[in-house]
Amino acid sequence: MEDHIVFDAATPVLDLLDQRLLPVEEKRFLCHTVSEACYAIQTMVVRGAPAIGVSAAFACALAVREVQHAPDWRTALDAALTTIAAARPTAVNLSWAVRQMRTLWKEAEQDKAVTPDELFALFSQKASAMQAEDIASCRAIGQASLELVHPNDCILTHCNAGALATAGYGTALGVVRAAWEAGLNISVIADETRPLLQGARLTAWELHRDGIPVTLACDNSCACLMSQNKVSFVVVGADRIAANGDTANKIGTYGVAIMAKHFHIPFYVAAPLSTIDPALADGSLIPIEQRAAEEVTHINGRAIAPDVPAYNFAFDVTPNELITAIITDRGVLRPPYTESIARLFA
Ligand code: MRU
């Protein structure tokens, strides 16, 4: 699937598959403005670190059109880009994508003043290139992972790090897809991933659609399944990886990693270079999004709990010592990650 993020530069419109409605409905959500694009990112019409990075890049192009007639369009654009970069805090791909656009803008204005039309063309082309690069990165992750996968492996994953969470193919599910395409006869256990059920609604949907065997499991059945030797290895995506390898990913990932360690099962993180944040020394510095309590206390608008407060951290941080390897588009990184990550950025 590569048509869940479509940009039409002529209108312009950012046309997204509304992931909130899957698997029941396949409906599009159209963003004509920066505020609609930010709303789509915040409410998770589009979600997953690389997918929100690419969507943010297209939102930057929308921003140029929106401010083009403002008396001081440069100041207005600067503010709009800041708003886009702050739409969700944890996935570094969002600020990374906006930073790429800012660099492009700065370079374009180095010799002469750029017009909004010129900048719109530059931003649109750059965002499309980022979209294509992300698919290529996911495929490279899949290829790099083949050295770790064995015939008939059963792979447990948490949340959705699939085609929907990227521009296409997926990171963790890129590992799954590459193994499947290589004829390794793998199968997948998808954690349902409370509270928003990305595993049940999205991972199971994607894999089932592609004919890859997938079995859904409650989040709390993980230890039981591992104790029954049903899991060959775990692979998850990432929202941000610090310079020492500590990894922020969907809430619950940390617990899965602890269980994998207990049962001596490899625990892999799959992510492109754009998800690594070498500026942060360790995971304690990663900002963790907290979302509305209603996502925990309600399902489809119906209360499933009395009126009590609820924790709703969207992500947790898995310490590097629980991660067997990080599979990137530039190859497989092994501990100590401070060294292997530094080498990658050198
Ligand atoms: O809150 P979400 O659904 O955006 O969280 C997504 C995840 O945690 C993914 O595992 C991560 O972004 C990697 S996507 C390739």
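This briefing covers the ligand surroundings, a group of paired strands and two loop residues. The model is a predicted one. The ligand has 19 residues around it, and two of those that come nearest, Asn249 and Lys250, belong to strand 9, which spans residues 247-250. Strand 9 pairs with strand 8 and is also joined to strand 14.

**Ligand surroundings**

- Among the 19 residues around the ligand, those that come nearest are Ala49, Arg88, Asp239, Asn249 and Lys250.
- The side chain of Asp239 has an N or O atom 2.8 Å from an oxygen atom of the ligand.
- For Gln198, the distance from a side-chain N or O atom to an oxygen atom of the ligand is 2.9 Å.
- Arg47 places a polar side-chain atom 2.9 Å from a ligand oxygen atom.

**Strands 8, 9 and 14**

- Two bridges link strand 8 (residues 240-242) to strand 9 (residues 247-250), and the pairing is antiparallel.
- One of the residues in this pairing is Arg240, whose bridge partner in strand 9 is Ala248.
- The two strands make a hairpin, with four residues lying between strand 8 and strand 9.
- Gly245 sits in the turn of this hairpin and has a positive phi of about 95°.
- Strand 9 also runs antiparallel to strand 14 (residues 315-318), to which it is joined by four bridges.
- Opposite Lys250 stands Phe315, a residue of strand 14; Lys250 is also among the residues that come nearest to the ligand.
- In a regular strand, side chains point alternately to one face of the sheet and the other.

**Asp153**

- Asp153 lies in the loop that connects helix 5 (116-145) with strand 4 (154-157).
- Asp153 is buried but takes part in no salt bridge.
- Arg334 has the nearest side chain of opposite charge, and this is 12 Å away from Asp153.
- A polar contact of 3.5 Å joins the side chains of Asp153 and Ser232.
- Apart from neighbours within four places in sequence, the residues in contact with Asp153 are Leu148, Ile186, Ser187, Ser232 and Phe233.

**Ile304**

- Ile304 is located in the loop between strand 13 (302-303) and strand 14.
- Ile304 counts as partly exposed because its relative accessibility is 48%, and partly exposed covers the range between under 20% (buried) and over 50% (exposed).
- Beyond its neighbours within four places in sequence, Ile304 is in contact with Arg194, Val296, Thr297, His298 and Ile299.
- Cys222 is 82 residues from Ile304 along the chain, and their C-alpha atoms are 23 Å apart.

Terms used. Residues are numbered from 1 along each chain as its sequence is written. This is a predicted model: local features need pLDDT of at least 70, side-chain atom pairs count only at pLDDT 80 or more; totals for chains, interfaces and linings use all residues. Side-chain values use heavy atoms; hydrogens and water are left out. Buried means under 20% relative accessible area, exposed over 50%, partly exposed in between (1.4 Å probe, protein chains only). Lys and Arg count as positive and Asp and Glu as negative; His and the chain ends are not counted. A salt bridge is a side-chain nitrogen of Lys or Arg within 4 Å of a carboxyl oxygen of Asp or Glu. A polar contact is a pair of N or O atoms within 3.5 Å; within protein, one must be able to donate a hydrogen and the other to accept it, and residues adjacent in sequence count only if both atoms are side-chain atoms. Contact means heavy atoms within 4.5 Å. Two strands pair if DSSP finds at least two bridges between them. A residue is near a molecule or strand if one of its heavy atoms lies within 4 Å of it.
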